[in-house]
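Here are a few worked exercises on side-chain pairing and helix geometry. Try each task before you read its solution.

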Amino acid sequence: MEIKLNSWDINDAIEEYLEKKYSLKINMNNLEDNPYLEYQTIEYEYQKHKNGKVKKDKDGYKIIKDEKYVKKYACLNDDSNISFYVDTFNEE
């Protein structure tokens, strides 16, 4: 089953969390800036030949030279959604 939260649901959840955890009563809609989601992705650096072409192994995959985690940000504005799937068959 897919659970989908729109920006209003997300803001309500953040407000409720701040009130429970920190006793702060904040209206997320009156903030100066939208909340941001911080996430990390892996950026790969590939081995290259002298002419600049990327080296590939015998199966045709690019050969990884190095990988690093890079922080990225996504603005949770009015048209944002968060969705995830829940397995309803394994309920306890």
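**Exercise 1. Find how exposed the two partners of the Glu-38 pair are, and what their salt bridge connects.**

Step 1. Start with the acid: Glu-38 has a relative accessible area of 44%, which makes this residue partly exposed. Keep in mind that the model is predicted.

Step 2. Now the base: Lys-71 is partly exposed too, at 48% relative accessibility.

Step 3. Check the distance. The side chains of Glu-38 and Lys-71 come to 3.6 Å, N to O, and the cut-off for a salt bridge is 4 Å.

Step 4. Place the partners. Glu-38 belongs to strand 2 (residues 36-46) and Lys-71 to strand 3 (residues 64-75), so the salt bridge ties together parts that are 33 residues apart in sequence.

**Exercise 2. Work out which elements the salt bridge between Glu-45 and Lys-65 links.**

Step 1. The closest N and O atoms of Glu-45 and Lys-65 are 3.7 Å apart.

Step 2. Glu-45 sits in strand 2 and Lys-65 in strand 3, 20 residues apart, so distant parts of the chain are linked.

Step 3. For accessibility, Glu-45 is partly exposed at 41%, while Lys-65 is exposed at 57%.

**Exercise 3. Explain how Lys-20 and Glu-16 are placed to form a salt bridge.**

Step 1. Their closest N and O atoms are 3.6 Å apart.

Step 2. Both residues are in helix 1 (residues 7-22), four residues apart, which means a separation of about one helical turn.

Step 3. Recall the general geometry: an α-helix has 3.6 residues a turn, so residues three or four places apart point the same way.

Step 4. Lys-20 is exposed, with a relative accessible area of 67%, and Glu-16 is partly exposed at 46%.

Step 5. For the overall tally, the count of salt bridges comes to four.

**Exercise 4. Describe the length, the buried side and the ends of helix 1.**

Step 1. With 16 residues at 1.5 Å a residue, helix 1 should span 22 Å, and its end C-alpha atoms agree, being 22 Å apart.

Step 2. List the buried residues of helix 1: Ser-7, Ile-10, Asn-11, Glu-15 and Leu-18. They cover an arc of only 135° around the axis, so they are on the same side of helix 1.

Step 3. Ask what covers these buried residues: strand 1 (2-6) and strand 4 (81-85) are included.

Step 4. Finish with the ends. Asn-6 caps the N-terminal end, with a side-chain oxygen 3.1 Å from the backbone nitrogen of Trp-8. Just after helix 1, Ser-23 has a positive phi of about 55°.

Key: Residues numbered from 1 in each chain as written. Predicted model: local features only at pLDDT ≥ 70, side-chain atom pairs only at ≥ 80, totals over all residues. Heavy atoms only, no water. Helix = DSSP H or I, 4+ residues; strand = E, 2+ residues; numbered from the N terminus. Buried < 20%, exposed > 50% of the residue type's maximum accessible area, 1.4 Å probe, protein only. Expected span 1.5 Å × (residues − 1). Arc of directions from axis to C-beta. Contact = heavy atoms within 4.5 Å. Polar contact = N/O pair within 3.5 Å; in protein donor to acceptor, adjacent residues only side chain to side chain.
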